[in-house]
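The following questions and answers ask how terms used for a protein structure follow from their criteria. Please look over the sequence and the structure before reading on.

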Amino acid sequence: MAFWTALVAGLALLRMTQVESAVAELLSPSGTPPTARAFHTGVVSKLGIMYVFGGTNMSDLNDTYAYDIGANSWGTVSSSGSAPAARCMHSAVFDDVSDAMFVYGG
């Protein structure tokens, strides 16, 4: 299980905690990580991709990033159509059937 910790002294950090052993590890993924932020959402697909959307870093954000758990790498995600408005304090779910992240509120 992976936990992404944000806004720690202005850094975006990714930690993975093994549930069985409760051992936490600070990861050093490749790629371009999201900027540090708070009040974002993160969802995980059955393919082992964690998607992070929105949040705030003193300004509301509407960007989307993907973390590939198996490859330990970050990348940006482009949405088709018009991008959602910038938001924070929203909720989100991932639907593996439609391979889509649904965002509500914020």
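The turns below concern strand pairing, hairpins and nonpolar cores in this predicted model.

Q: What makes strand E7 (residues 64-68) largely enclosed by the rest of the structure?
A: A residue is called buried when its relative accessible area is under 20%. Four of the five residues of E7 meet the description of buried, so the strand is largely enclosed by the rest of the structure.

Q: How do you know that strand E6 (residues 49-53) and E7 pair?
A: Pairing requires at least two bridges between two strands. E6 and E7 are joined by five bridges, in the antiparallel sense. In this pairing, methionine 50 is opposite tyrosine 67 of E7.

Q: How do you know that E7 also pairs with strand E8 (residues 73-76)?
A: The criterion is at least two bridges, and four bridges join E7 to E8, which run antiparallel. Tyrosine 67 has tryptophan 74 in E8 as its bridge partner, while aspartate 68 is matched with serine 73 in E8.

Q: Which residue in the turn of the hairpin formed by E7 and E8 has a positive phi?
A: Four residues lie between the two strands, and asparagine 72 in this turn has a positive phi of about 55°.

Q: What are the edge strands of the open sheet?
A: The sheet has five strands in the order E4-E8-E7-E6-E5, with mixed pairing. Strand E4 (30-31) and strand E5 (41-44) are its edge strands, as each pairs on one side only.

Q: How do you know that strand E9 (residues 91-95) pairs with strand E10 (residues 100-104)?
A: Against a requirement of at least two bridges, E9 and E10 have five, and the two strands run antiparallel. Alanine 92 stands opposite valine 103 in E10. E9 and E10 form a hairpin with four residues between them, and aspartate 99 in the turn has a positive phi of about 50°.

Q: Why is the set of Leu14, Leu27, Met50, Val52, Tyr65, Tyr67 and Trp74 called a nonpolar core?
A: The name applies because a nonpolar core is a set of buried residues of listed types, Leu, Met, Val, Tyr and Trp among them, joined through side-chain atoms within 4.5 Å. These seven residues make up the largest such core. At least two of its residues come from each of E6 and E7. Another core, of five residues including Val43, Tyr51, Ala66 and Phe94, lies apart from it.

How values were computed: Residues are numbered from 1 along each chain as its sequence is written. This is a predicted model: local features need pLDDT of at least 70, side-chain atom pairs count only at pLDDT 80 or more; totals for chains, interfaces and linings use all residues. Side-chain values use heavy atoms; hydrogens and water are left out. Buried means under 20% relative accessible area, exposed over 50%, partly exposed in between (1.4 Å probe, protein chains only).
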